[in-house]
Amino acid sequence: MDLKSALKKYFGFNSFKGEQEAIIQSVLDGKDTFVIMPTGGGKSLCYQLPALLLEGTAIIISPLIALMKNQVDSIRGYSEQDHVAHFLNSSLNKAEQERVKSDLSAAKTKLLYVAPETLTKEETIAFFKAIKISFVAVDEAHCISEWGHDFRPEYRRIKQMIKGIDSEIPIMALTATATPKVQGDIQKNLGMNDADVYKASFNRPNLFYEVRPKVDPIKQLIRFIKEREGKSGIIYCLSRKKVEEIAETLVVNGIKALPYHAGFDAATRARNQDMFLNEDVDVIVATIAFGMGIDKPDVRFVIHNDMPKSLEGYYQETGRGGRDGGEGHCLAFYDYKDIEKLEKFMQGKPVAEQEVGRQLLEEVVAYAETAVSRRKFLLHYFGEEFDEENGDGAKMDDNAINPRPREEGMNDVLLVLKMVDEIKQTAKAKYLIKILLGKKDSEVQSYNHHNLSGFGKGKAKSDKYWMAVIRQVTVSKLLRKDIESYGVLKLTDEGHAFIENPRSFIIVLDHDYEARAEDDSIILNAKASGGVADETLYKLLKELTREIAKEKGVPPFAVFQEPSLMDMALQYPITIEELTNIQGVGHGKASKYGEHIVALIAEYVEENEIERPQDIVVKSVVNKSGTKVYIIQSIDRKRPLADIARAKGLTMEDVLSEIEGIVDSGTRVNLDYYINENIDEDKQDELFDYFQEDSETGSIEEALKEFEGDDYTEEEIRLMRIKFMSEMAN
Ligand code: ADP
Ligand code: MG
């Protein structure tokens, strides 16, 4: 049978992807084989098919127990015989292990997945000696290298173990990490320098790369996502806390999002992941724990809220976008402070590890700071050249389509380098900038540094500019950060040479995102002060609200409440979409009652030549928002209110207050499942009518007074008010 027929027979595919066929042939020929292919390229098949065809059992070493089960299940699915594939790891009990071993001894098993820890056990080795092994495949082989992004020490002992079984067994290594350093490490460590190497291009022409300065990222996030309504995306953060914070803020701002990180129990993780896969939510906010083995083809954006620890990780994560070849926007927010934070985290680690970590981070900084095409930079990092004019994917990154402003910086670079020299290489960046700007504080005075020749020479420019100069000079290796004395800047040989022989040095400036950010902060401050921003407009809006209420036959409080009107008098929304950014206004309310409101504001803005704030204002996470988000999600799932209360350790009263808060802020909830069960229909009608016809302000106190002595409980009244507000006001 030829390979194509085998492919069809076992996997049902009609053709091989990329170089799969040649790779499989190499393994069948008993050669050591090294496969470097991006995520999703189809590496698994490269060992699965030969394993099925060869005599004996192939051992597949894989780092993640969770993924092993998936792999085994999928291969069993193709063959319909359970014994064809097994895994052996610490999750199996004794009896299960015995069953696996008996299938192996009976030569029924073609693929055996093992964790490296299992492989290092004496008894496992002894057992493998007694059976026929076709080859050993090391999946995720970058784990061998400390230059890989998830180095596992036990991976380094694999070669020794294989030797213990039979030194003639062919070895196969597979990875999606392509840096020449990692490659070399893997080959050396596995003793496969003569292997056939198959390296696929890492270019993903449909992905768009962008790096933005991290200025008010949450606002940028919301804007970015709202412009892509209904599309799937992943947001990566470095900390669990940030994950939860951002997920909550997105939800409060009307975006369907869920958090995912390793701190949640397995059931929650599985549920949130499924909801993302099934498109019950659009956005998943996650730590890097999310995405291994995820194969959602239409992820339209991957956002890094924080820069990751290495470009390998970054590439892997962005690689989850646009798998189907369609749009995939990869946006990263960069703030040098985040890099410093990561450097600090490393301080407790062994020096060698710190050294590696710092160098990986330096590459991340270089990527973020670069002015050349991002794609070119990334591919170069992975050992590939890219033609930025005509290559596949040219003009698909921010630098390529919108070059950053630059200016000649030779004299400024010289100023910085000379100062480092003069100050005897004892200062960190921040301190240098202080001297450049001429800030004469007590620290500067105590060292007499105000007498340095460069003191105050950089006054004409901002601290941001000088920080950019220092970073770019460091990226160009004229300066280096000392590791031992964390962050102190030292001159390199090249730096000394530059002082002797200055040459042109182009400084790349950031796009001016700051100006926009300042506008926003003015808005937010005005808002915090509490007064009405535009009294005249506010009065007009209040009047109009009354008219709308009359026309629609609902009380004014059900149309727009005061805090919403105040917010409108601040933000001047002139479209329905903008109106939904107003406090307490959801989509329902905006489209139901918004038409005349935005028309009025538009006219007002025009007549009075008002310059509107150009930016969206983020609804902040209200108190105990975690609870609110939980309640909204639970109601969506029609959970009884008593269960919700119990789960959150709240009283029924608390839960009702929370729901009232949710409804009053413009979000609609549907409690019919609960109300219909607990309040009889006549009562429902009477209470609903009351809020529709008789209530002046919609207040609960008023309603309680009205129904005092009647046969209504407070809970019933409050539930019906919630229903009324949801249906009529939101
Ligand atoms: P990798 O391990 O390289 O990230 P996988 O082995 O998980 O990638 O494969 C990615 C996807 O490609 C899987 O859904 C797999 O079924 C599919 N695939 C692999 N080879 C082929 C092929 N020859 N034809 C069609 N689909 C394939
Ligand atoms: Mg794989």
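**A lined cavity, two domains and a ligand**

By class, the lining of the largest cavity has seven nonpolar, five polar and two charged residues. The model is predicted, and the cavity is a good place to enter it.

How many cavities does a search of the whole structure find? At a threshold of 30 Å³ or more, the search returns four. The largest of them has a volume of about 110 Å³. Its lining is made up of 14 residues. Closest to the cavity centre are Pro38, Thr39, Phe202, Tyr315 and Gln316.

Which elements supply the lining? Strand E8 (207–213) gives at least two residues, and so does helix H13 (311–318). H13 has the largest share, with four residues.

Now place the cavity in the chain. The protein is divided into five domains. Domain 1 runs over 3–199 and domain 2 over 207–381. Domain 3 follows at 406–508, domain 4 at 533–616 and domain 5 at 624–729. Where does the largest cavity lie with respect to these domains? Domain 1 and domain 2 both give residues to its lining, so the cavity lies between them. For the spread of the chain, take domain 1 and domain 5: their C-alpha centres are 57 Å apart.

Turn next to ligand 1. There are 13 residues around it. Those that come nearest are Ser15, Gln20, Gly40, Lys43 and Ser44. By class, this shell holds seven polar residues, three nonpolar and three charged.

Three polar approaches can be followed atom by atom. At Ser15, a backbone N or O atom lies 2.9 Å from a nitrogen atom of ligand 1. At Lys17, the partner is in the side chain: one of its polar atoms lies 3.0 Å from an oxygen atom of the ligand. At Gly42, a polar backbone atom is 3.1 Å from a ligand oxygen atom. How much of ligand 1 does the protein cover? On its own, the ligand has 570 Å² of accessible area, and the protein covers 70% of that.

Technical notes: Residues are numbered from 1 along each chain as its sequence is written. Chains are lettered from A and ligands numbered from 1 in the order in which they are written. This is a predicted model: local features need pLDDT of at least 70, side-chain atom pairs count only at pLDDT 80 or more; totals for chains, interfaces and linings use all residues. Side-chain values use heavy atoms; hydrogens and water are left out. A residue is near a molecule or strand if one of its heavy atoms lies within 4 Å of it. A polar contact is a pair of N or O atoms within 3.5 Å; within protein, one must be able to donate a hydrogen and the other to accept it, and residues adjacent in sequence count only if both atoms are side-chain atoms. Accessible areas come from the Shrake-Rupley method with a 1.4 Å probe; for residues, only the protein chains shown count as cover. Ala, Val, Leu, Ile, Met, Phe, Trp, Tyr, Cys and Pro count as nonpolar, Asp, Glu, Lys and Arg as charged, and the others, Gly among them, as polar. Domain bounds come from an automatic or database domain assignment. On a 1 Å grid over the protein atoms alone, a cavity is a set of points where a 1.4 Å probe fits but cannot get out, and a pocket is an open set with protein on both sides within 12 Å along at least five of seven lines; lining residues have an atom within 4 Å of a point. Grid points are joined across faces, edges and corners, and a volume is the space filled by probe spheres set on the points.
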